[in-house]
Amino acid sequence: MNLLHFISAFFSDGSHWQGYDGIPTRVGEHVQYTLEALAIAAAIALPVGLVTGHYGRGGNALALIATAGRALPTFGLLVLMTLLLGFGLVNVMTPLVVLAVPPILVTTYEGMRSVDPSPVDAARGMGMSEAGILFQVELPAALPLILSGLRSGAIQIVSTATIAAYVSLGGLGRYIVDGLYQRNYEKVVGGATLVALMALATLALFWAVSRVAVSPGVRRSN
Amino acid sequence: MIRIDSVTKRYPDGTVAVDRLSLEIPDRSITVLVGPSGCGKTTTLRMINRMIEPSEGTILIDGVDSRQQPVNTLRRSMGYVIQNAGLFQHRTIVDNIATVPRLLGWSKDKARARARELMERVGLDASLARRYPYQLSGGQQQRVGVARALAADPPVLLMDEPFSAVDPVVRKGLQDELLRIQDELGKTIVFVTHDIDEAVKLGTMVAVLRTGGRLAQFAPPAELLSDPADAFVEDFLGADRGIRRLSFFSSAGLDLLTAPIVAIDASAEQIARAGTDVPYLLVTDVEGKPLGWSEPRDLTAGTIEPAELLPCGRPFVAGRDSLRAALDCAVLSPTGWAVAVDAEGRAAGVVSQQTIGEAIRGAHAEGSRSSETTKVSG
């Protein structure tokens, strides 16, 4: 009855590796939900965070939005959306996006605000355009913080995307929801383990991205 | 030429940073804006490249209102150096320097080649090109800042307290380097500092501003030291402006005595002849370089030990150094006599405090007749 026993039983069962309920399919679905939600959240939060951070205005409004976003119960939102719109992917995406926007928005804003003002002053004095300053001076310096915001958002989405299963969609939540319903704890533990592994893989991915994207000059001087 | 024409900067809260300031900044020379904090010197500088827009008045660049051209075109035609260098941490040294050429649309290769050329000009080793700013010392970073400002060869250089954040030894090196570069390039430099010594050392013209952004005096440094316009300027120049002014008088006119100099291998007869009417003799090595002082009666031919001599301290270079340097040598010398050397470091003569004092009185009399004095080093 121990945990390791469940895990090894789940993963050694050949039938769990194929078909529409197989691990590859469910992982694929989970990755798809995660990427979609993260892309939408980033598309909303990054521009807003970059622009407000560059001009240094709207910090208080951002903090309010972020707090409100964090206070919204994800599961409640899912149920509400489903009651209003019926079953569908939008119902799942909305709470996931709402979950990921605050960390991306706040760290992007903070990252831009914490850029040393003297290179920005030098750039402006040399005749660099405002867009040039934003993308060539501030963004590279703020990138470590921005990536950390994206990482928190991504991890939260990975762990929370299991809720898709509650409204008949796929993903790794399927194992947990179905397992609980069927009292198949081997399946529950297996699904939870896969979610944890995906979260770790996300961490590793962001580490690799920051190695490539962040200039050694910024990485070492921080 | 840059002409600042009754420019005022007033902030919305009513603070006046610069008050009807007019200045004509001469071409191809260093004009220093100096004054206490809150005197509007940085504001004035930043109005020249329109980092701050004047509330009233105009700034003319070669006779044309600076607002006539797009702001970024104006800024790219002026090098800009700030206090902490403001380097881009994510770019290598060579790419930092290449910034403005790249903005002007040069190819990457051409911009980098130009950047390497400038590294050499400002005294940075070529091996630093691929480093990042965090790997450089403060002084090296500031050299990169200067190189970056010079990269597109702008006619004007704006420098906002560029050397204030480095230690005094490094600062002196950077100042000397700036003067050397200026000798080669002849830029129109506007230099802001709160340090009057730096202003006197670097400036061809010095504008002293007082709190509230008004001009107190605009004059060459020698005139500033000899004829401060009012009590404020006099106070700002400090208690030792008389001594500082000596920097502007050459030691060339000093009467150097060569008789009291003996070589270490001198004969008894030479020693006796040298030491008749002076309290001390200067002993040199066989090449003529000064070793130290001794009283004539303590010297015996053939047995002179350099270790037993009184130290002669740092000598001044006759003709090249100023009277200030000569006086300094005399004051620091244990005998009260200063040692003059030639460019090769061989003893050229000795001079007493009394003789230097007479030369100073003579120079002051000369200086008050004509304020046209040129700066000498040291």
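**Exercise 1. Place B:Ala85 in chain B and decide whether this residue is buried or exposed.**

Solution. Start with the location. B:Ala85 sits in the loop between E6 and helix H3 (93–97) of chain B. The model is predicted. Next, take the backbone. B:Ala85 is not a glycine, yet its phi is positive, about 70°. Now count neighbours. A residue is buried if 20 or more other C-beta atoms lie within 10 Å of its own. B:Ala85 has 25 C-beta neighbours inside 10 Å, so it counts as buried.

**Exercise 2. Do the same for A:Arg183: where does this residue lie, and is it buried or exposed?**

Solution. Begin with the place. A:Arg183 lies in the loop between helix H8 (173–182) and helix H9 (185–213) of chain A. Its phi is near 55°, a positive value in a residue other than glycine. Then apply the cut-off. A residue is exposed if 12 or fewer other C-beta atoms lie within 10 Å. A:Arg183 has 8 other C-beta atoms within 10 Å, so it is exposed.

**Exercise 3. Find the strands that pair with E7 of chain B, and say how many bridges each pairing has.**

Solution. Take one partner at a time. Strand E6 (residues 78–81) of chain B pairs with E7(B) in the parallel sense, over four bridges. Strand E8 (residues 188–193) of chain B also runs parallel to E7(B), and five bridges join them. Now follow a single residue, B:Leu157. This residue is the bridge partner of B:Gly79. In E8(B), the bridge partner of B:Leu157 is B:Ile189.

Then check how covered the strand is. In a regular strand the side chains alternate between the two faces of the sheet. E7 of chain B covers residues 156–160, and five of its five residues are buried. B:Val156, B:Leu158 and B:Asp160 are on one side. B:Leu157 and B:Met159 are on the other. Both faces are covered.

**Exercise 4. Describe the largest nonpolar core: which residues touch the most other members?**

Solution. Begin with the count. This core holds 165 residues. Those that touch the most other members are A:Ala100, B:Ile97, B:Ala147, B:Ala326, B:Ala338 and B:Ile356. Next, look for the main contributor. Helix H7 (residues 130–160) of chain A gives the most, with 12 residues. Then turn to chain B. Domain 1 (2–247) and domain 2 (252–362) of chain B each give at least three residues. The centres of these two domains, taken over C-alpha atoms, are 42 Å apart.

Finish with one member, B:Ala147. Beyond its neighbours within four places in sequence, B:Ala147 is in contact with B:Ile97, B:Leu118, B:Met119, B:Val122 and B:Leu124.

**Exercise 5. Work out how many residues of each chain meet at the contact between chains A and B.**

Solution. Chain B brings 20 residues and chain A brings 19. Two helices of chain B, H2 (71–76) and H4 (99–103), each supply at least two residues of the side that touches chain A. Sort that side by type. It has 10 nonpolar, seven polar and three charged residues.

**Exercise 6. Sketch chain A: how many helices and strands does this chain have?**

Solution. Count the elements. Chain A has 10 helices and zero strands. Add the dimensions. Its C-alpha trace spans about 65 × 40 × 25 Å along its principal axes. Of its 222 residues, 40% are buried. Now weigh the contacts. Among those between residues at least 6 apart in sequence, 74% join residues at least 24 apart.

Last, bring in the record. For residues 31–206 of chain A, UniProt lists "domain: ABC transmembrane type-1" in an unreviewed entry. This span is 84% helix and 0% strand, and its end C-alpha atoms lie 15 Å apart.

Key: Residues numbered from 1 in each chain as written. Chains lettered and ligands numbered in written order. Predicted model: local features only at pLDDT ≥ 70, side-chain atom pairs only at ≥ 80, totals over all residues. UniProt positions renumbered as here; feature names shortened; annotations may be inferred. Core = buried A, V, L, I, M, F, W, Y, C linked by C-beta atoms within 7 Å. Domains from an automatic or database assignment. Contact = placed C-beta atoms within 7 Å. Nonpolar A, V, L, I, M, F, W, Y, C, P; charged D, E, K, R; others polar. Pairing = 2+ DSSP bridges.
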